[in-house]
Amino acid sequence: MAKNLLIVESPAKAKTIEKILGKDFMVKSCYGHIRDLAKKDGVDIKNDFAPSYIVSEDKEQVVRELQKLAKSAEVWLATDEDREGEAISWHLCEVLNLNMNTTKRIVFNEITAPAIKKAVANPRLLDQNLFYAQQARRILDRVVGFELSPVLWKKLGRRTLSAGRVQSVAVRLVVEREREINNFNSESFYKVVAYFLSDGKVFKAELSEKLKTEGEAETFLKEVKDALFKVADIQVKPTQKGPAAPFTTSTLQQEASRKLGFSVSRTMSVAQKLYEYGKITYMRTDSPNLSEEALNSIQSYINKEFGNEYSNRKQYASKNSSAQEAHEGIRPTYIENTNEGTNRDEERLYDLIWKRTIASQMSNARLEKTVAKIDISTRKEKFVAEGEVMKFDGFLKVYIEGTDDEDTEESGMLPALSVGQQLDYKNIEARQRFTQPPSRFTEASLIKKLEELGIGRPSTYAPTISTIQNREYVLKGEAEGKPRSYQKLELTAKKEITRETLSENTGSLKGKLIPTDIGSLVTDYLMENFTRVMDYSFTAEMEKDFDEIAEGHKNWSKILKQFYGPFHKEIEASEGSNTYVTGERVLGIDPETKKQVVAKLGRYGAMIQMGTTEEEEKPRYAKLKSSQSIETITLDEAMDLFKLPLTLGEYEGLEVSVNNGRFGPYVKFGEAFVSLPKGVEPTEVSLEQAIEVIKGKQIEDAPIAHYQGKPVTKGKGRFGPFIKWDGLFINIPARYKFDTINEAECADLIEKKIEKEANRFILNFPEEKISVENGRWGPEIKFNKKVLKLTGKKYTPEEAALLSLDELKAIIKTKVPNAFAKAAPKKAAAKKAATTKKAPAKKAAAKKK
């Protein structure tokens, strides 16, 4: 057995490092964090925020294995070099009973043989201050979440809501941007562009001023059709473009979004794999610095492959004042490896990192920019033509940085021009354009904004973006945009003015972050009642406090005390109020029924209510479309929603209708419910489209094979493609082709599933919804949908098989005290009352297949 035990976070990282260190080291994974704050009483606020940590249930077996190995080996801790990694090492010291004053801690920025061996030769001790910074953040986030979330549950009537320091501020940014867009009044103007001729070549020049109206544009064209156009001035200026710095976490996320279309979580997942395989340096960093060794290697590569004139060695400073400059930017571990990765995603992200790293150490591109001004004999305005000539491509030979600007235009080359030269026009266009509101945030641009405000750190960006979407405070748009008509006036070479109405797509929401109604309401409530939590500057100051804790300049518990006092007073003040937040907005009066129509948040989301509960006739309700909002919906749009359910006609002798239900829009065909594709609104569906949806479902549900005389069907669900047989859902592995899976392959998958299911149950009491099953770490109890650990001792499958139903119930009661309590009479009455609802209410709540 190896005399040294080195512990890392992931199995892939362990495998790579073990190959490097050889037989003297056993490298094991702790699978990330092994302990967390206890769910109940995890923080003793009165006792200086003393934390209470417990080993996570899914890590108990891992901890036992590490404890056993640690008894006969010297333990080395090699978790990541950031605060989260330091915290994991601290908790390992605690559970393995290691001496923090002697246990060897090693850190490295890349998983390569030189870096690992250098780290082993230069171990350090655990950095308590880094751990305290992580602990302070974790405790603060727990306190904010545990105290603020119940307030939201009460005020908005939803137990799925949560609040967090950084996530709430991120949602605020998205909500405020959306309102800015909604309040923006777009104005039209006319942009005039002339296409001139010079030595047989056509070049473009833009009028120096915008024209406000179509009338002004037409007048301009009339006045210039016989004008003389003369080159009045030519300015030629040399200019340079410099390369971008090596990637940090946030710039990698932004560029992967722009160039590869990756989400933030996808980028970090792929980067994590590349790091663990030893292909790139550590991917959570806020510094663009490169090591001297890396700079030497890159410079040598550029000189060899491109020539000395392309090499321009430089070190970049971070724009973030709190960046840890001791860290490195994200770069390839071996610059000579131009292609790396085990799949397409890894290859594409590696290529992006490689090119950015190489370009950062290359020479500036040198250009010559020409600006020509052209006089119009009949008008005071001038036409301006701009062009660029590349004199030396420099870093552009390898890489061009992406941009978030959707309206960028590349400057072309101008033909040879001279002052005083008279020009003829090929044509002159006046196109109607529109002023644009600020762009909606994408995942990448939101991270950029958070970073600019000093909110969050490299390790928090991706979780923040995921959380606000998972909580449905923010959604990612899918709509491609809507057509908008515009006018084009053109003066032709024949001096004729033509008019044409054209169309363009505008307002695309694809990939843009849009606040939901619940996200807007939560933001408004928090802004009104918890101003400090929602303040950008305050949140940024808290990040600086964490940085100072990490540097040993501040005491973590004192920082938490300073925050908690005012925060808790706001909590107490909000609890004294009995007002509920629904965002209710009166839209007007229905012309037919004369009833009041309001938009508000209901139990299942944003809805329209016609009538009030005080009236004799019960109110009617309609669910908003996914593209509609409580804040912006009009009375006419609201009344259209009451057209549902809408009968479209018949198919195969059965009625076909469309409606909105709790689980989204659907087609009703007889007694069957079929979900409409995502983004399709029921009011816009024709009978023909509904029939296509029905046929698709019929084909999907049609047997593709038979096994033991029973049909096998296939489909795609939340967890990917599957086949269904005799009530069993069986995932289809990637090695099988979903579209062409045959009967033999289905039989093979079913037989494997049956064998697996046979070994799954140790005990099964289906009538009680209780079973004992073989889990990853040994036997476990499943009760309803809960997975519970067998307590008292560690059971083998044979021992677990001897447990009686009463013994199992006793164990379940220790975990779920009210598991077998009888329903209260009040609840029973409520259930009975529910069964007497009118048929239409049942239809609205029906679940689709």
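Tutor: A nonpolar core is a set of buried Ala, Val, Leu, Ile, Met, Phe, Trp, Tyr and Cys residues joined through side-chain atoms within 4.5 Å. The model discussed here is a predicted one.

Student: How many residues has the largest nonpolar core?

Tutor: Leu6, Leu349, Phe567 and Ile608 are the residues with the most contacts inside the largest nonpolar core. Helix α5, residues 128–156, gives the largest share of this core, twelve residues. Apart from it lies another core, of 28 residues, with Phe196 and Ile374 among them. The size of the largest core is 150 residues.

Student: Which residues does Ile608 touch, not counting residues up to four places away in sequence?

Tutor: Ile608 is among the residues with the most contacts inside the largest core. The residues that Ile608 touches include Leu587, Val597, Val598 and Ala599. The others are Arg620, Tyr621, Ala622, Leu624, Ile633, Ala638, Leu641 and Phe642.

Student: Which strands stand at the edges of the open sheet of four strands?

Tutor: The order of the strands in this sheet is β19-β20-β21-β22, and the pairing is antiparallel. An edge strand has a single partner strand, so one side of it is left without a neighbour in the sheet. The strands in that position are β19 (585–589) and β22 (620–623).

Student: How many bridges join strand β20 to strand β21?

Tutor: Strand β20 covers residues 596–602 and strand β21 covers residues 605–610; the two run antiparallel. Gly602 stands opposite Gly605 in β21. The number of bridges joining β20 to β21 is six.

Student: Is Phe434 buried or exposed?

Tutor: Phe434 belongs to strand β14, residues 422–434. Leaving aside neighbours within four places in sequence, its contacts include Phe189, Arg484, Tyr486 and Glu504. Buried means under 20% relative accessible area. Because the relative accessibility of Phe434 is 16%, this residue counts as buried.

Student: Why are the buried residues of α19 on the same side of the helix?

Tutor: Helix α19 has 15 residues, 687–701, and reaches 21 Å from its first C-alpha to its last. The buried residues in α19 are Ala690, Ile691, Val693, Ile694 and Lys697. They are on the same side of α19 because around the axis they cover an arc of only 160°.

Student: Which exposed residues does the face of α19 turned away from its buried side carry?

Tutor: The buried residues of α19 have a cover that includes β23 (646–651), β24 (654–661), β25 (664–669) and β26 (672–675). The face turned away from that buried side carries the exposed residues Glu688, Glu692 and Ile699.

Conventions. Residues numbered from 1 in each chain as written. Predicted model: local features only at pLDDT ≥ 70, side-chain atom pairs only at ≥ 80, totals over all residues. Heavy atoms only, no water. Buried < 20%, exposed > 50% of the residue type's maximum accessible area, 1.4 Å probe, protein only. Contact = heavy atoms within 4.5 Å. Pairing = 2+ DSSP bridges. Expected span 1.5 Å × (residues − 1). Arc of directions from axis to C-beta.
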